[in-house]
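Here is a short briefing to read with the model open beside you. Please keep the sequence at hand too, and look up each residue as you meet it.

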Amino acid sequence: MTDSPTDAPLRIAITSYRSKPHCGGQGIYVRQLSRALTQLGHTVEVFSGPPYPELDDGVRLTTVPSLDLYAEPNPFRIPKLREFKDRNDVLEFAIMCTAGFPEPRTFSRRVVPLLAARKDEFDIVHDNQTLGPALLKLPKLGLPMLGTIHHPISVDRKLELAAAPWRKKLTVRRWYGFVRTQARVARHIPLAVTPSENSALDASRDFGVSADQLVPVPIGVDTEQFRPRGARVPGRILAMCSADVPLKGLAVLLRALKELPPEREVLLTVVTKPAAGGPTEKLIAELGIAHLVQFVSGLDDDAIGALMASAEVAVVPSLYEGFSLPAVEAMAAGTPLVASDVAAIPEVVGRDGTCGVLVPPGDHVALAAAIEGLLADPARREAMGVAARQRAVEKFSWAATATATVEVYRRAIALHNEGQN
């Protein structure tokens, strides 16, 4: 990396230990940010472990293979002996066998040698919440770096521990053992972007990152993919869940669905794939609402956009969000929104009620009342959809996200150069 004019195009490497392409915040972030950076004239190469992202023309992908131990349809699989090629593979399997989550650590160990061999080809390395220890070697190799902390995963750990039966709490603690490592790494990264003021506060509180290390940069939305598309399906309620975990509040939404008036004809469509025989399926059976719920997954970008635009109401029942892409995507689609009044969601939606209804997190009765209130009031839904679309277009764009992120890149490069002098 050499000094360059402050307005010169940058050569950017983005690292992401996994990048689920469609329904998953990290994969969407990688694709949309890399596209917007390229449109600004910068050169971007993504280094990702599986699942790999879908990227646009002009963005190079370097795959960083792993044992991919959590891939569907056989998660927690036992790899064949011939699959083990080096110590990283052994470490990945060993951590899984002891109930831990190895990917942040093992991905960082795999990607650093790739970057080191090509260090003169990049001006900055942008890590997408891997926060693996090996990444701290990059500045010593002459590569400036910064990170994105979408939110501290300590929040996920807290919520899953609260939801877990006592006999599984030890396993949950072990699974989230990587969080302590991420916190330690985060404290040593000179600069990190967060998607909201709230996530910056949480990263400071839980990870011990100083406030001057954190720069809030809101995430954008693709307003062409997510846009109003005409008539909506009567009674369709939509929820986008990147994972079937307690943090996403799906159980709260299912209980709210049970509370809706029996004469109200609805169908809840959830974009996720619940675990077979898991807590979600059991709760649906317990509540007797199987006829009111459908799950879809594997949709492409246009299908997801069309589905969002077909709903009469979108719901984000999360117990925590560092930003909430589903909320801003619903707003861009002009879809009336009911969301939890928690963490960063009010920053996205606003508190005046014009773009969405906020309800206390975890309160299924209040959630049901808010959903019913919108379903019963077509005029309010129409006005809310128009206002939400306007807010999304004006406040959340990937061009603005990329421009602000580049400013942070240049700060990180300047800090690195100062440290070298």
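Q129 counts as buried because its relative accessibility is 2%, and buried means under 20%. Q129 sits in the loop between β4 and β5, and its phi is positive, near 55°, although the residue is not a glycine. Keep in mind that this is a predicted model.

**Unusual backbone spots**

- Most residues other than glycine have a negative phi, and most peptide bonds are trans.
- Like Q129, F76 is a non-glycine residue with a positive phi, in this case of about 60°.
- You will find F76 in the loop between β3 and α2.
- P73 is in the loop between β3 and α2 as well, and the peptide bond that leads from E72 to P73 is cis, with omega near 5°.
- Another cis peptide bond runs from P50 to P51, where omega is near -5°.
- P51 belongs to the loop between β2 (43-48) and β3 (60-63).

**The whole protein**

- Count the elements and you get 15 helices and 13 strands.
- The radius of gyration is 22 Å, close to the 22 Å that the globule rule gives for 421 residues, so the protein is as compact as a globular protein of that length.
- Measured out along its principal axes, the C-alpha trace spans about 70 × 50 × 40 Å.
- Of the 421 residues, 54% are buried.
- Among contacts with a separation of 6 or more, 68% are between residues 24 or more positions apart.
- The protein exposes about 18300 Å², and carbon and sulfur atoms supply 55% of that area.
- There are 47 positive and 47 negative charges, and the mean positions of the two sets are 8 Å apart.

**Helix α15**

- Helix α15 covers residues 398-420, which is 23 residues.
- At 1.5 Å a residue, α15 should span 33 Å, and its end C-alpha atoms are indeed 33 Å apart, so the two values agree.
- Which residues of α15 are buried? They are W398, T401, A402, T405, V406, V408, Y409, A412, I413, H416 and N417.
- To make sense of such spacing, remember that an α-helix has 3.6 residues a turn, so residues three or four places apart point the same way.
- The cover over the buried residues of α15 includes strands β1 (11-16), β4 (124-128), β5 (145-148), β6 (192-194) and β7 (214-216), together with helix α1 (25-39).

**Helix α6**

- Helix α6 takes in residues 178-187, and seven of its 10 residues are buried, so α6 is largely enclosed by the rest of the structure.
- The buried residues here are F178, V179, T181, Q182, A183, V185 and A186.
- What do the buried residues of α6 pack against? Their partners are the helices α3 (103-117), α4 (154-163), α5 (169-175) and α7 (197-207).

**N198 in helix α7**

- N198 has its place in helix α7.
- With 18% relative accessibility, N198 counts as buried, because the cut-off for buried is under 20%.
- Beyond its neighbours within four places in sequence, N198 is in contact with Y320, A343, A344 and E347.

**A339 and P262**

- Is A339 buried or exposed? Its relative accessibility is 1%, so A339 counts as buried.
- A339 is part of strand β12, which is made up of residues 337-340.
- Setting aside its neighbours within four places in sequence, A339 is in contact with V316, I345, V357, L358 and V359.
- A339 and P190 are 149 residues apart in sequence, and their C-alpha atoms are 34 Å apart in space.
- P262, by contrast, has 79% relative accessibility and so counts as exposed, since exposed means over 50%.
- P262 is in the loop that joins α8 (250-259) and β9 (267-271).
- Between the C-alpha atoms of P262 and E286 there are 17 Å, and the two residues are 24 residues apart along the chain.

Terms used: Residues are numbered from 1 along each chain as its sequence is written. This is a predicted model: local features need pLDDT of at least 70, side-chain atom pairs count only at pLDDT 80 or more; totals for chains, interfaces and linings use all residues. Side-chain values use heavy atoms; hydrogens and water are left out. Helices (H or I, at least four residues) and strands (E, at least two) are DSSP runs, numbered from the N terminus. The radius of gyration is taken over C-alpha atoms; the globule rule is 2.2 Å times the number of residues to the power 0.38. Buried means under 20% relative accessible area, exposed over 50%, partly exposed in between (1.4 Å probe, protein chains only). Contact means heavy atoms within 4.5 Å. Accessible areas come from the Shrake-Rupley method with a 1.4 Å probe; for residues, only the protein chains shown count as cover. Lys and Arg count as positive and Asp and Glu as negative; His and the chain ends are not counted. The place of a charge is taken as NZ of Lys, CZ of Arg, CG of Asp or CD of Glu. The expected span of a helix is 1.5 Å times one less than its number of residues.
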